[in-house]
Amino acid sequence: MKKSYQSLEDNPTNNMKQVIYCGLTSKIYSLCIVLLLTFSTSLTAQDGDPANGKSLYNSNCAACHKLDKPMTGPALRNVEARLADEQGLDRAWLSAWIRNSSSLIKSGDAYANKVYNEYNQIAMTAFPQLSDQDISDILAYTAEPPAAPPVPVAGTEQVVQEPGISNNLILGALALLFALLAMALILVKRTLDRFAEAKGIEVITENKRMPLWKAFAQNQFLVLVTAIFFLLASGYFVYGYFMQVGVDQGYEPVQPIHYSHRIHAGDNGIDCKYCHSSARVSKTSGIPSLNVCMNCHKSISEVAPETLAEGNEYGVDYNAEIQKLYDAVGWDGTGYTGESQPVKWIRIHNLPDFAYFNHSQHVTVGGIECQTCHGPVEEMEIMYQHSPLTMGWCINCHRETDVKVKDNAYYTKIHEELSKKYGVEQLTAAQMGGLECGKCHY
Amino acid sequence: MSSNKKYWKSVEELNENSSIVEALQQNEFVEEIPTDEFLGDKESLESSSTSRRDFLKYVGFSTAAASLAACEGPVIKSIPYIVQPTEIVPGVANYYATTIANGFDFTSVLVKTREGRPIKIENNTDAATNGIANARVNASVLGLYDNLRVKAPMKGDSKISWETFMSETTSKLKGLKDKSIVLLTQSMPSPSVNKLIGEFKAKYGNVAHVVYDAVSESATLDAYQAKYGRRGMANYDFSKAKTIVSIGADFLGDWQGGGFESGYAKNRIPHHGKMSRHIQFESNMSLSGANADKRVPLTPSQQKLVLAKLYSEVTGNSAGGVKLPEVLDAAVKSAAKELSLAGRNAVVITGIQDVNAQTAVLEINTHLNSAAFDPSTTINTRQGSDKAVMQLVADMKAGKVGAIIMNGVNPAYTLPNASDFKEGLAKTELSVAFSMKQDETATDCQYIAAAPHNLESWGDFELKTGHYSMMQPTIRPLFDTKQFQEVLMAWTGATGSYRDYLKSVWIKDILNGSSFNKAVQDGVFVTRSASNGVGSKNSSSKTVTTTSSELKDKKDRTFLGGVIHDVAVGVGIKDEDKDEYVTSTTSKTINTSVDNADVTSVLTGGAAARALAKAKVAEGLELVLYTKTGMGDGQQANNPWLQEFPDPITRTTWDNYLTISQSDADKLELKNWNVANGGLNGSYAKVSVNGAEAITVPVIIQPGQAKGSVGMSFGYGRTSKALKDEMKTGVNAYPLYQNFNSVQSVSIEKTVGEHEFACVQLHNTLMGRGDIIKETSLEIFNTKDKKHWNSVPVVSLNHIETPVTSPDVDLWDEFDRSVGHHFNLSIDLNACTGCGACVIACHAENNVPVVGKSEMRRSRDMHWLRIDRYYSSEDTFEGDNEKKKNISGLGSSLSEFGEMESPADNPQVAFQPVMCQHCNHAPCETVCPVAATAHGRQGQNHMAYNRCVGTRYCANNCPYKVRRFNWFLYNKNDEFDYYMNDDLGRMVLNPDVTVRSRGVMEKCSMCIQKTQKTILDAKRDGRPVKDGEFQTACSAACGNGAMIFGDVNDKGSKIAELREDDRMYHLLEHVGTKPNVIYQTKVRNTKA
């Protein structure tokens, strides 16, 4: 029996329309912003190229610095101007700091030591490879004014609040209308009959032939054929019904945190086994512990505006979901509070206890792609069960899949012997004994 | 012509006018069955609006609705770690080396943990000197998950916090004026604890440390101390002994703390035509006696005479006139001759709890210069002193003891004078019990300090001189517990954790520069002087060790033993290093005077023997108290695995009993009989010592029990909140343990009632069925061809005798098994001592359920692996064969078979572990209607539980009777409230093995989960599997080398070699099942 597929929205169809609309607006808005930004930066930029600065910033600085919030290091928005105004430090000082901050600290520079101590005495990585031009590019980038907050959020809110008329409601109303109509017709007919009776008019009822159903009932052959047909049909459906009992293909539960495999595995191309690392060595693939999430999400506290906009298509505020992660792991933006709350994920792939399945056998030894069983995970916004996970499904794969014997010394002897026995070069899992009961049931 | 004899079933029938007889002829019951009453008010029943049909409709509808609703799958949550520990990978087991040291069993072990839960105990092969895990140690992991554990410190019946506990107890300790503080502990040969106790003594003064062993080895310790000047027990290495004479010592059981069986077993396997010779003089039938080549039954008082005689025969010193019956005299003389012949390769041991006897044995071994006898290495696992304990009880009664702090002991249960102890306990101002349970003692104490399990604790033990063993926690404490050492530190005002304390002690005193982390990882540390072989008393070892400045601290350390030694070392360190841990010189004066037992009375060898020779042969019956393989001293009585573990000798579960010889039983009219359902029943006997209050015990007639002696085991008859009601079985034998003497003169009389035993093996002898256990003597083995003693059965094919192994006489087609792995398990009947460690290991590995006493009695045990015990009615099994061959004609066969059924006074014994034989031509597979059991090409007979419909055809068709049927649901079922019924107990389950449900057949899988794992590991590493990597739970648990598992297709592996061995045979080979379990013929070193 299927579990109910709860979607995040009550009315997906209606939403879709709105999404198209807000997608459009958001595009217009972002276009405006881009235009505005290009225009404004060209005005404020001094001598650097902020576009090059952005790429340099992302590759060198973003791991520890944010523009508007302190992270491992201080916030860098307008850093040059800030330093000049507050500390009277010039570009030369900044360059010295960027190229080798520790020597600056050792030299006893007051502000350098102050910053060093303020940020837990973590010395900044030295970047001697950055040229003056690079530094000015980066500083130009940091000098850009902040981007306007993404607009379409307001649109989404509107959409959610605006109550669309449900199709069901319309259908229901129609059904009611038809029912009323039918009733009215019956009533009219009755009244007419009564009139006719009162007036003594004999309603000519045609002495019709035998009604169809009676004729049908008298034709035993037809009855038999129909009965058999219905029996077979119901048998088919009953069989179908029972066969899907316990098969949860397509199971797509709502998770406590809306985690998008599409973004992580698809857009960002993170390897499955980066998070599900135990799939390499263990029977379980493992649901990643929250510290694995924090490897990246320490620095990614909010998503790009474009991604946020994508989230609207699914009715999800990704930033809020990241916040849920922070609440669970106890991260206040700068450090761990120690107050953590485990995340109770809903398990999607459930094998019965009597079936033994080992991920490492398939992933590491067999070299099978995760997608073979789990489907196009990189396209799944919400994770669902792709395969039926029935025994027949396992067995079929074992019959068809060749064992990866190459470069594995374990198989050298057995492959030689078995391929001689079966007269084949490639051995399937079934030929290796992969269909035996005890290989999975113990 | 028909007889007109009248048959009648009851006297009533003879009364012609009886209405009852009349009624019974017509009806099934005499009285009318009160159905109306049963159904209630008839009138209202009829007038009810709900008719029977309606009722059925409702039932039908609700059943359908319920089953449809049940189709909705449950929502399963998965909760990952927030911060995953780097060493834990879900689904992968971690192993930790630690020690089980519960005061009775001391063993270095490996603990298998899954997702942080310890689930199984395995042997630490790096720590072979510290013994292998016996059945109790294997089962101790279940004690961790005991639902009745004390979950927080308690004051009386209410839980308190540790802060309250500490503040209250500390103020009470400080408030004691002149009264003494007594630390009553189990044997703890722990360097760090001894040091801690020294500090505690220094802080509080007037502190006495009394060590108490429930089952005392005091006499051994006293004798050793008198001869060698320090307290301990001499070490024995039976792998160096060719001739072993044991007088009343069950050294394959718990003698001197146990752990000798692997050394013993090494020499039991015939190698180049040689094996050890073992002569056992004993009263009870023990494991050692069962394994002996020659067993001489005799009463305990005769044992002393035998020892005296043996002493004089071997050493030549006169022991005075020893009068022995002729048979015994001859036996002693021949034993003495064999000993003298073997010389250095001989060893004598005794279990007689008598200083003189122990002294005589030390003298004999010294005289023989025995290689197996190692007095310079002491075993430190028993340190108790009877006198000190007795003195303590007297002091307590006299009100001299102000505070008593107990750790790991349960004197209110184990003391013979427990009532005196309880009386004294009430007189103390402070009584604290460190206990895992609200046991008999803890409930009477003011405070229960909730103690952690061994697997949750830190600890260190010098199990043998120079052989250290480390205990480390394998799980974070499940409950709010603190270990004795931690609290002791808090009392002395020390800061820091006990782990740090222990580490500093190790670094300073033990490791000598080696890495502490390495020691924790290995679980053991052997000082080089110990590993280099001991024996020299000079300090030559100093040069071998290291050059660090700590050297001077270590002077002669390995030669000092026990408590005295450690205090002395502590003081020594203090003097030289100004060490902070040893606080003052007062600790020097607090020598454990109580341990200095009255050793002056110990005599020299000759005098000891003369004293022994004067032992009077007791008039009445002599009771020999012993510890059972499964239960030991009884501290694990709430462990259902151990309760259900069949005793290797009597094969009885869930009970203790009085063992008695057939002739004594006849005299006393005590009986054993089997009832219709197959259960064993027995009479009750009243046993009393010195006219004291008698206890009533069920009786089992034990073949081989010496006439004039009876036996009874400790460890049963426990009460208190520490046990579930189901586990409160048996009778407490400790009240009979007067003066810590395991031999008591008793009077026995029959009393009314009959006891229902849960005995799993009813047949007593092998009845000459040589194809079950094949046995021969060393002489025949060496001189004659294989076919004389291990012939393959033949059948007639076209009037030609053809061996059953030939494919011509096989019903089945042969498969090609030469490709891939083909697993075989070899069981060596020579090396198997019957210890049962494999049985418990199998339980733990395979989630075998516990079914309880009444189900056991119905033969519904679930053991996948059983150890059959066979007796022979003749002196040898060969004798049985002879007798069977000579039976001719029906008349004689009936009487002779009847004779063979009753085992003789002194039968030969053989143990045979039997599990699923994984037949290549399996009879079970052909009869399964749903193909739930099928054959794998790796030689394993698979069982798919989810496919099984429970017809039990397979069990019927199995010639080995190894299939087990789940008559009930044994988990989450209140009717079987053992361990699978609560969340805590289920934590021990192996997640890789299915927990079976009701109506399903199960059996040994040859640990397919383990073989598959080994294969997968190899595949992942891209390498072939090495010999010795494949293990089953039983083969890994067997430290005796009796069970060897492996891949026979791996030529050159041990198992491939064993399969070709001359001794190899298959169980019931003539059936033609071609099993994958092979047995090695038992060879006995018997002499005419």
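Colleague: What makes up each domain of chain B in the domain assignment?

Modeller: Domain 1 is 1-54, domain 2 is 163-217 + 384-470 + 480-584, domain 3 is 233-379, domain 4 is 621-759 and domain 5 is 775-847 + 861-924 + 1005-1084. These bounds come from an automatic or database domain assignment. The model is predicted: local features need pLDDT of at least 70, side-chain atom pairs count only at pLDDT 80 or more, and totals for chains, interfaces and linings use all residues. Residues are numbered from 1 along each chain as its sequence is written, while chains are lettered from A and ligands numbered from 1 in the order in which they are written.

Colleague: How many residues of domain 4 of chain B are in contact with domain 5 of chain B?

Modeller: Two residues are in contact if their C-beta atoms, placed from the backbone, lie within 7 Å. Ten residues of domain 4 of chain B meet this with 15 residues of domain 5 of chain B. The C-alpha centres of these two domains are 33 Å apart.

Colleague: Which residues of helix 14 of chain B are called buried, and why?

Modeller: A residue is buried if 20 or more other C-beta atoms, placed from the backbone, lie within 10 Å of its own, exposed if 12 or fewer, and partly exposed in between. B:Asp386, B:Ala388, B:Val389, B:Leu392, B:Val393 and B:Met396 are therefore called buried. They pack against strand 7 (180-185), strand 8 (207-211), helix 8 (218-228), strand 15 (401-407) and helix 16 (418-427) of chain B.

Colleague: How do you know what helix 14 (residues 386-397) of chain B should span?

Modeller: The expected span is 1.5 Å times one less than the number of residues. For the twelve residues of this helix that gives 16 Å, and the end C-alpha atoms are 17 Å apart, which agrees. Just after helix 14 of chain B, B:Gly399 has a positive phi of about 80°.

Colleague: What makes strand 1 of chain A and strand 1 of chain B a pair?

Modeller: Strands are DSSP runs of E, at least two residues, and helices runs of H or I, at least four, numbered from the N terminus. Two strands pair if DSSP finds at least two bridges between them. Here there are two bridges, in the antiparallel sense, so the strands pair. A:Trp345 has B:Ser78 as its bridge partner.

Colleague: How confident is the predictor in chain A?

Modeller: On pLDDT, the predictor's confidence in each residue from 0 to 100, chain A averages 81, and 84% of the residues score at least 70. Over residues 1-25 of chain A the pLDDT stays under 50. Where pLDDT is low, the predicted coordinates should not be read in detail.
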